[in-house]
Amino acid sequence: MDVQTYFFRRTNMNALGKPRSWTDHLLWHHACHTVDLFQYQSGQLVSESFALQGPLSPTLGIAMDMSIGLKVPGGALCTLSLSFNNDGPLGTFFRYICDNGTYICRYDDLFDGKNNQIDVSKVDVSMNGIELQDREFFAAIASGASPTPASRSA
């Protein structure tokens with residue numbers, strides 16, 4: 001799994017242009033989501049990892065660029081590149097490379113390695129990831145079960 005999380009951040013404002021009461025951080029805010037996703041999708045806990053950070057912002061006091069590598073016991077790798085210096089397309093993009101092909105996820109869209117869009121409209125009852133997450137969570141509560149992500153963590 002190769003993940004790029006890129007934003008352009010020079011001030012401590014949220015996406016609505018309002019000041020934050022906390023400072024956004026590549027590692028503690030953005031990278032942790034990818035670590036969780038990688039462990040969830042591989043069904044294993046990370047067994048090896050490394051991280052590098054670039055220079056600190058004199059204004060925000062945080063690293064503006066990071067590189068993280070992860071490995072699970074089964075051998076799957078995750079390479080994560082993060083930057084608050086990206087003056088281009090913003091957001092997180094996922095590339096899954098495997099012996100069955102290459103797949104690229106951009107928001108709610110899925111493409112093959114040659115950038116041909118893959119129709120996933122019939123995969124689930126909704127194309128909204130937040131709605132699907134909430135449905136699963138409330139179904140778990142109603143049935144007395146643990147939500148799926150909770151059952152996969154150690």
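**Figure 1. Surroundings of Phe8.** At 40% relative accessibility, Phe8 counts as partly exposed in this predicted model. Phe8 is placed in the loop between β1 and α1. When its neighbours within four places in sequence are left aside, Phe8 is in contact with Phe84, Asn85, Asn86, Asp87 and Leu90. A second phenylalanine, Phe111, is 103 residues away from Phe8 in sequence, and the C-alpha atoms of Phe8 and Phe111 lie 25 Å apart in space.

**Figure 2. Arg20 in the loop between β1 and α1.** Arg20 lies in the loop that runs between β1 (2-6) and α1. Arg20 has a relative accessibility of 18% and therefore counts as buried, the limit for that class being under 20% relative accessible area. Not counting residues up to four places away in sequence, Arg20 touches Arg9, Asn12, Met13 and Asn14. Phe8, which belongs to the loop between β1 and α1 as well, is partly exposed at 40% relative accessibility, whereas Arg20 is buried.

**Figure 3. The chain and its elements.** The chain contains 3 helices and 8 strands, and from the N terminus on these elements follow one another as β-α-β-β-β-β-β-β-β-α-α. Along its principal axes, the C-alpha trace spans about 50 × 40 × 35 Å. Of the 154 residues in the chain, 26% are buried. Among contacts between residues at least 6 apart in sequence, 49% join residues that are at least 24 apart.

**Figure 4. The open sheet and its strand order.** An open sheet is formed by 8 strands, arranged in the order β2-β3-β4-β1-β5-β6-β7-β8, and the pairing within this sheet is mixed. The edges are taken by β2 (48-53) and β8 (117-118), each of which pairs on one side only. Strands of a sheet pair through backbone hydrogen bonds, either parallel or antiparallel.

**Figure 5. Strand pairings around β1 and β4.** Strand β3 (residues 65-71) pairs with strand β4 (residues 77-83) in the antiparallel sense, over 7 bridges, and in this part of the sheet Asp65 stands opposite Ser83 of β4. Strands β1 and β4 run parallel and are joined by 5 bridges, with Gln4 standing opposite Ser81 in β4. Strands β1 and β5 run antiparallel and are likewise joined by 5 bridges; here the bridge partner of Thr5 is Thr92 in β5.

**Figure 6. Asn115 in the loop between β7 and β8.** Although Asn115 is not a glycine, its phi is positive, at about 70°. This asparagine lies in the loop between β7 and β8, where β8 (117-118) is one of the edge strands of the sheet. Asn115 counts as partly exposed, with a relative accessibility of 44%.

**Figure 7. The largest pocket and its lining.** The largest pocket holds about 1,800 Å³ of space. Of the 40 residues that line this pocket, Leu37, Gln41, Phe94, Gly129 and Gln133 are the closest to its centre. Helices and strands both contribute, since α1 (26-42), β5 (91-98), β7 (109-112), α2 (129-143) and α3 (148-152), as DSSP runs, each supply at least two residues of the lining. The most is given by α1, with 8 residues. By residue class, the lining of the largest pocket divides into 18 nonpolar, 16 polar and 6 charged residues.

**Figure 8. Cysteines and the question of disulfides.** Why does the structure hold 0 disulfides, as far as Cys78 and Cys105 are concerned? The sulfur of Cys78 has its closest cysteine sulfur in Cys105, at 13 Å, which is too far for a bond, because a disulfide calls for two cysteine sulfur atoms within 2.5 Å. The sulfur of Cys105, in turn, has its closest cysteine sulfur in Cys98, and this separation of 11 Å is also too far for a bond. Cys78 is, in addition, buried, with a relative accessible area of 1%. A disulfide is a covalent bond between the sulfur atoms of two cysteines.

Key. Residues are numbered from 1 along each chain as its sequence is written. This is a predicted model: local features need pLDDT of at least 70, side-chain atom pairs count only at pLDDT 80 or more; totals for chains, interfaces and linings use all residues. Side-chain values use heavy atoms; hydrogens and water are left out. On a 1 Å grid over the protein atoms alone, a cavity is a set of points where a 1.4 Å probe fits but cannot get out, and a pocket is an open set with protein on both sides within 12 Å along at least five of seven lines; lining residues have an atom within 4 Å of a point. Grid points are joined across faces, edges and corners, and a volume is the space filled by probe spheres set on the points. Helices (H or I, at least four residues) and strands (E, at least two) are DSSP runs, numbered from the N terminus. Ala, Val, Leu, Ile, Met, Phe, Trp, Tyr, Cys and Pro count as nonpolar, Asp, Glu, Lys and Arg as charged, and the others, Gly among them, as polar. Buried means under 20% relative accessible area, exposed over 50%, partly exposed in between (1.4 Å probe, protein chains only). Contact means heavy atoms within 4.5 Å. Two strands pair if DSSP finds at least two bridges between them.
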